[in-house]
Structure formats: structure tokens, C-alpha cells
Amino acid sequence: MATSLLSQLRQAHPLVVNYANFVTPGFVANGLNALGASPIMTSAADEATDLMAVADALVINLGTINESDKELVLTLADAAAANNRPIVLDPVAVGATAYRMRWARQLLADYAISVIRGNASEIAALSGAAANAKGIDAGETAEDPAIIAAHCATQYDCTVVLSGATDIVATPGRVVKVTGGSELLPAVVGSGDLLSSFIAAFSAVAPDLQTAAIAACSVMDAAAEFAAEDLNQRQPGTFAAVLMDALTALTPERVATIIDTVEEFHD
Amino acid sequence: MATSLLSQLRQAHPLVVNYANFVTPGFVANGLNALGASPIMTSAADEATDLMAVADALVINLGTINESDKELVLTLADAAAANNRPIVLDPVAVGATAYRMRWARQLLADYAISVIRGNASEIAALSGAAANAKGIDAGETAEDPAIIAAHCATQYDCTVVLSGATDIVATPGRVVKVTGGSELLPAVVGSGDLLSSFIAAFSAVAPDLQTAAIAACSVMDAAAEFAAEDLNQRQPGTFAAVLMDALTALTPERVATIIDTVEEFHD
Amino acid sequence: MATSLLSQLRQAHPLVVNYANFVTPGFVANGLNALGASPIMTSAADEATDLMAVADALVINLGTINESDKELVLTLADAAAANNRPIVLDPVAVGATAYRMRWARQLLADYAISVIRGNASEIAALSGAAANAKGIDAGETAEDPAIIAAHCATQYDCTVVLSGATDIVATPGRVVKVTGGSELLPAVVGSGDLLSSFIAAFSAVAPDLQTAAIAACSVMDAAAEFAAEDLNQRQPGTFAAVLMDALTALTPERVATIIDTVEEFHD
């Protein structure tokens, strides 16, 4: 499924509006471009409605959110809702500050968020589980990540992607694990942000959000394996550049060859 | 001409003040550095006048403009005018939102903009021609790009650079086409932003703005060909890094060898 | 000393809060990551106190500071003081505008700044010496950099790092010179910003701030030499990527081999 979706995405060239953090916007824009999607970033509430009217999906990234952007974020979310466009929420370091947690909970309460994409400690924090995290790193969680993701999906009634060595894609009652990728992926700042934007891009061509999320994880992992082929684990800088090449050169067949998905059921 | 201007630019080391978008400022700053110019970015209206007093040129990039930056942008433009410094306008995705179009038209009405640099759909949108574009991509235009650029130059009485596979540099009554470059150039987010800043840098050493624009296009295309020499068309990430090397290593002789310019006249 | 501190840093994984400029945040975050530290950026005063409560150090970078961020910067600095965390000040282009100079002097007057890290013209400007600089470049100074740094350290009663071909680490009465690195380092925009963040990271594990600063300069210079090994002086783009690899692969032994430090005394 992920394989034909990649071809469809490259044909459809979906437009993804990113409320991006200011740390990784270039990396995310180049990554979406390399995948075959069309990125746009904005910092003006005045154009939010115009942009969402022609966009396929919205990503809200909490990485450097602040009060000045409140009108922008809410206008984007309102316009996404009005146009029936999916919203992907990336709760960067949501467990680190009460302010980010308030933003995340408010957005989840007021909008039909389609997908939440975070690392283990972010998803754990959102669903109230115990976790140790600092900064933007994943940290460690006591519980089985599949259970945390499944719980979070039920709690917020949406698709949850808990990304890591194994990516977990949960919807209420169903969990799919995507295995693959490279240890170099988490060593690049912005790889999580980019995965969130990939989910948004795939939502424009997938039959449902869980399928979009699985396709995004599969393609990211396959590109990461491809990019890491001639590298050792201590080359994150080279990897970040070569990942763009791999995303551009990736064939649907290659995705099918190297990615395993396993389905599980959770009550 | 472009060849001797490159040597002059490296000697003069012109200071370019960039009102940059937040997606590509690092790429633009590194590119200006690699070319031999001196970049500075700012987000404070309080220092706009001080900066323009010592600067050689100003670039206004509409990529992520917003109302909070209004005083900053207008103060920069006022100071550029007061110091007789050229202003290069980069109307990123100007056709995508009414807000960006208002900004572009207001700046063109209130200031003597020296150069507009955009892709086919942006220049078409500015001059009211029909175009299909979404996001930051060039899209397709129905008309001959040379005619669109010539029309836009006459309409706003300035130099217009419509960049693409062939770059078109138009001033009222005159059109020059610069051929060269690499298909990898538009695959890198920020390559257009960087070209706009190169035009600003060359304006410090060129006898007139059209000559500055031709030099900037020639140098960018020559560096892109140089950088792409050992790459295939699916390596945009590697290309983005190697482009900086090529800009640094580029000799005036090499620019002369690989770039063709053709002059045309349009009423 | 720098060698064992590198091992300690990788174990402690210190969290560095960066009030970053918007030009180089991705480069700084990736560099801190590659070193073994944990980066976080913020643009919300609302979370400043929460972040500093768990952070090891704060960096204040003046590269794109503005009035909207005043509350954010002061809240971060207050929280750093309340938690006894070191503050590293990076006075980017402080000599270029009166606005940046006011910010720098105000912060130095109101807070116990631990370390100032700048290039020759920035440190000269801060201590009132004559200097020629434009943009973000080092420019030229008339005086011996060691004397300028020593004077600045005494004037503001803190550690001063004047980085360049030879890095000078001054505290009142004592100057240490660190020799090494690569000519490619200053060709990369953000290498100074990154060094400031490295000093902050090392302050979490070093016995004192001068030792932290010497370790940061030594590690940066060693990584730069390592990264430049197979490159010529015209490859800044490749170097920027490979520097991340070198920081990741750098062993304490290697730092010890290639870096020389010389101590001097100044009244």
C-alpha cells in the first residue's frame, strides 16, 4: 500500500501548510520537496485562510510556539476544519513545559486533530504516563510504547504515531508496527518534524489516516536505510544531506523490500 | 562582464542586509559568504537605520512576512531610499495569498524597487497574467516568460528577473536571456532566495542593475553546473552542500566558459 | 582536561537552552546533538522559567534580537540566575548597531554573565577598542587580541572568549591561547554561535568557566581539523556537513593530540 501511495503522492504533489518551528523549517521544506510534495510555511494570520483554501493538509508543530502566533495557529486550524483538511499535531517537547502542554490540550479539545506524531516521551506525556525526557530527545518510558500509543489514540480519538526504532501507528483498537530505518535518523534534528509533515502529505492520497501514517513511516524508514547504506553510525551530518537524495531516488519497490509492518490489536 | 564583476565583488565584499524569510536564512547567509559578499539578517526595526547606513543593498523577501515586521520592513526600505541603496524584492508565492500581493503592490507603489526576482508564476501573478502555481513552486504559465518579464519590467519600471531553466533579465525595452545551470538548482529550497541576494550583492559593483542581475544569474548558473558535475539528478541534498563549495571555488574564467547570454528587444 | 571533560559531557548529556538567532538554529542544534549535549530553543516567555528549571545552562545570542523578545530574554536570564545556571552571551555584530550594543551592555549590567564569546571585532567593540567590522565578519583590530580579551574580561569581570585562528580565553589576570582548527570553520555561518553553545554545554561538567571555555574551543578546533582532513580550503559546504560527523566521531585522545594550549598572564 505504501508503495503505490508514494507514486500517487508524487503525481498529486500535495500542498502541505506548515506552522513550523524556527529551528528546522529548511530541513522540513527540503524533505517535503524531495519526497514529491509541495511545502509552504507562513507566519501571518492574515494569509492563513487563503493558504488553507488551496492546501491539502496542515501541520502544527509546537517546537517554538508562542503567544504572538496564537491568532495564526487558530486561524489555520479553523480554516483546516472549514475545508475538511486533516491536521497533524507535532507536540515537540510537550512534557518539558506546562505552556506546551496547555497548547497541546487546548488544540486537542477544540479541533478534530487527525494525527498526533511524537516520540515516546512526548506521547507518554500527552497521555499522562510517566516518562523521563529532557530537551527534544525521546528519553525513556517505563511502559510498552505500543500500549502508550494505543492509550493515547483512544483518549484523543485519533491516529497516534509514536516514532522510534520501531514506529507505532495506533488508532482506537488497532496498532501497526513499522520496523526499519537507521540509528542515524534520530541523530538529525528535525527528522521527527519531517515525519509529521510526511504524514500530512500522505493524508492527501491515502484512503484513511492510519494508512497515511503507515506510508509516511515506511517511506521515511526506507529512505533512511537507503541513505545510511554507505555510512557508519557516526556520520549524522553526511546522512542529513544524503537523506534528501534518498527520498528523491526512492522507488516504491525499494520501500516494499525493506520495510516490515506487523499488525496487533489492543482493546 | 560577469567575470570581472565576480572579482570586483570578492574585493569589495559588499554588505547585504536581508529581510529574510525564516525558512532559508542559513542557506542564504552561507551562499552570500561563499560568493564573497557579507550577509546580515535582522528582525529589529530599532537597528534598521543603523544597518542600512553601512550596507550596500537591501533584499526584502516576502516568504514569511507578517504584520509584526511591518515597521521593520518599512524602516529598512526608508533607510535604503535615504542612502540611495538598491532594493531587491523577492515576491515569494505572491500569487498564493491576497496578503502577499498587498505587500508586494504596496512596496512597489511606495518605494523605488530596483529589481524584482521571482519564478514564472510569481512574476506572472505580479503583472496580472494567468498562471497556475501552488506553494513555492514555479507552476506553469501560458505565456512566453520573456514577454511576461518584459511586461512586468515596463509596468513597474524596474529590472525584472524571471528565473528558471533560462533566466530572463528584463528592463523596459530590453530582455537578456541567461542559459545554463542545473535541474538540481530548483530542487533546493532557497535557491531563488539566494539568487535575489546575489543580485543585491552584485549591484554594489555593477555599473547598472541589469548588469548586476545578469552577473548574478550567470554566477549562480555556473556554480550550479560546476556543483552538479559529478552528481545525478536525484541528489539535491548533496548538491545543496556542494553548491557552497562551487561558489567558493568558482573562477571568473569558468563563468565565462559555461554561460551563454542572448539579448533580445521587446517593445 | 578537555579530553576527560568530553567524556563527562557525553555521559551527562547537559541540556542547553538557546535563545538563538533565526539564521543558524538548526546548525547549532545539530552541533550540540553531535557533541553529545541536548539542545532546546524557545520563543515563548511563558515557558522560560519551566525550561531553565531543568536546564544546565543558557545561551543568549544577539544575532536577531528584537523588542518582542525582551520579556522572553529577561525571563530566561532571571530564571538562569535563580537556578544558579551560567549564562553565555554571544554579542553577534554588536559593533554594527547601537541597538545591539544597548542590549549587550544592559545584560552585562543587570546579570552575572558568565562568559562572553565573540570574534575580535565584537570583543573589541564591547570593550570600547577601535575595530573595523561590517556584517557578521571578524574584521580587523589594531590591538593584540589577547590584550583586548584580557581587558574585556577585567572590565566585565567574567570569562571572555575571543575566537579566531587562535582562540583566546581570558579571565581577569589570566589568558590561555588555544591553537588549532581549520580555515574552513569561520567560512561556515553559525560556527561562532555553535562555539558559544559548546561553552554552555561544557560549563555543566567543568570545574570552572575558564576550563569549560578552553574545553569547548579545544573540541571545536579538533573536530574542525578532523573534518577538514580530506578537504581543501574551498569546500565550506561539505565541511559544514562533515563537521557534524567529526563532532560525533571525535575521541578524547584525538583532542589531546592536535590541540595546543599556552597560558599567559596579563595584569
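Me: OK, so helices (H or I, at least four residues) and strands (E, at least two) are DSSP runs, numbered from the N terminus. With that in hand, where is S182(A)?

Reply: This is a predicted model, just to keep that in mind. In it, S182(A) is in the loop between β10 (174-179) and α8 (191-203) of chain A.

Me: Is S182(A) buried or exposed?

Reply: Its relative accessible area is 15%. Buried means under 20%, so S182(A) counts as buried.

Me: And what does its side chain reach?

Reply: The side chain of S182(A) gets to the backbone nitrogen of L184(A), at 2.9 Å. Setting aside neighbours within four places in sequence, S182(A) is in contact with A224(A), A228(A), Q233(A) and F239(A).

Me: Let's switch to helix α4 of chain A. What span should its 13 residues have?

Reply: At 1.5 Å a residue, helix α4 (residues 70-82) of chain A should span 18 Å. The expected span uses one less than the number of residues, and the end C-alpha atoms are 18 Å apart, so the two agree.

Me: Which residues of α4(A) are buried?

Reply: They are L72(A), V73(A), T75(A), L76(A), A77(A), A79(A) and A80(A). Those buried residues pack against β1 (15-19), α3, β3 (57-61), β4 (87-90) and α5 (98-110) of chain A.

Me: What comes just after α4(A)?

Reply: There you meet N84(A), which takes a positive phi of about 60°.

Me: New topic: how many salt bridges are there over all chains?

Reply: A search of the whole structure finds twelve. One of the salt bridges pairs E47(A) with R100(B), with the closest N and O atoms 2.7 Å apart. E47(A) lies in the loop between β2 (38-41) and α3 (48-54) of chain A, while R100(B) lies in helix α5 (residues 98-110) of chain B, so the pair joins two chains.

Me: Are E47(A) and R100(B) buried or exposed?

Reply: E47(A) is buried, and R100(B) is buried too.

Me: What about R254(A), which residue does that one pair with?

Reply: R254(A) forms a salt bridge with E229(A), with the closest N and O atoms 2.4 Å apart. This pair links distant parts of the chain, 25 residues apart: R254(A) is in helix α11 (residues 252-258) of chain A, and E229(A) is in the loop between α9 (209-228) and α10 (236-249) of chain A. R254(A) has a relative accessible area of 24%, so it counts as partly exposed.

Me: Last thing, the chains themselves. What turn lays chain C on chain A?

Reply: A turn of 120° with a shift of 0.0 Å along the axis does it, giving an RMSD of 0.0 Å. That is the relation of a three-fold axis. In chain C, the C-alpha nearest the axis belongs to F22(C), 3.8 Å away from it.

Me: And how many residues of chain C are in contact with chain A?

Reply: 29 residues of chain C are in contact with 26 residues of chain A. The area buried between these chains is about 2,200 Å², and carbon and sulfur atoms give 55% of it. On the side of chain C, S43(C), E47(C) and D245(C) lose the most area to chain A, together 21% of what that side buries.

Me: How many salt bridges cross that interface?

Reply: The rule finds one across the interface of chain C and chain A. There the side chains of E47(C) and R100(A) meet, at 2.7 Å from N to O.

Note on methods. Residues are numbered from 1 along each chain as its sequence is written. Chains are lettered from A and ligands numbered from 1 in the order in which they are written. This is a predicted model: local features need pLDDT of at least 70, side-chain atom pairs count only at pLDDT 80 or more; totals for chains, interfaces and linings use all residues. Side-chain values use heavy atoms; hydrogens and water are left out. A salt bridge is a side-chain nitrogen of Lys or Arg within 4 Å of a carboxyl oxygen of Asp or Glu. Buried means under 20% relative accessible area, exposed over 50%, partly exposed in between (1.4 Å probe, protein chains only). Contact means heavy atoms within 4.5 Å. A polar contact is a pair of N or O atoms within 3.5 Å; within protein, one must be able to donate a hydrogen and the other to accept it, and residues adjacent in sequence count only if both atoms are side-chain atoms. Copies are superposed by least squares on the C-alpha atoms of residues with pLDDT of at least 70 in both. Buried area is the accessible area (1.4 Å probe) that two parts lose on being put together, summed over both.
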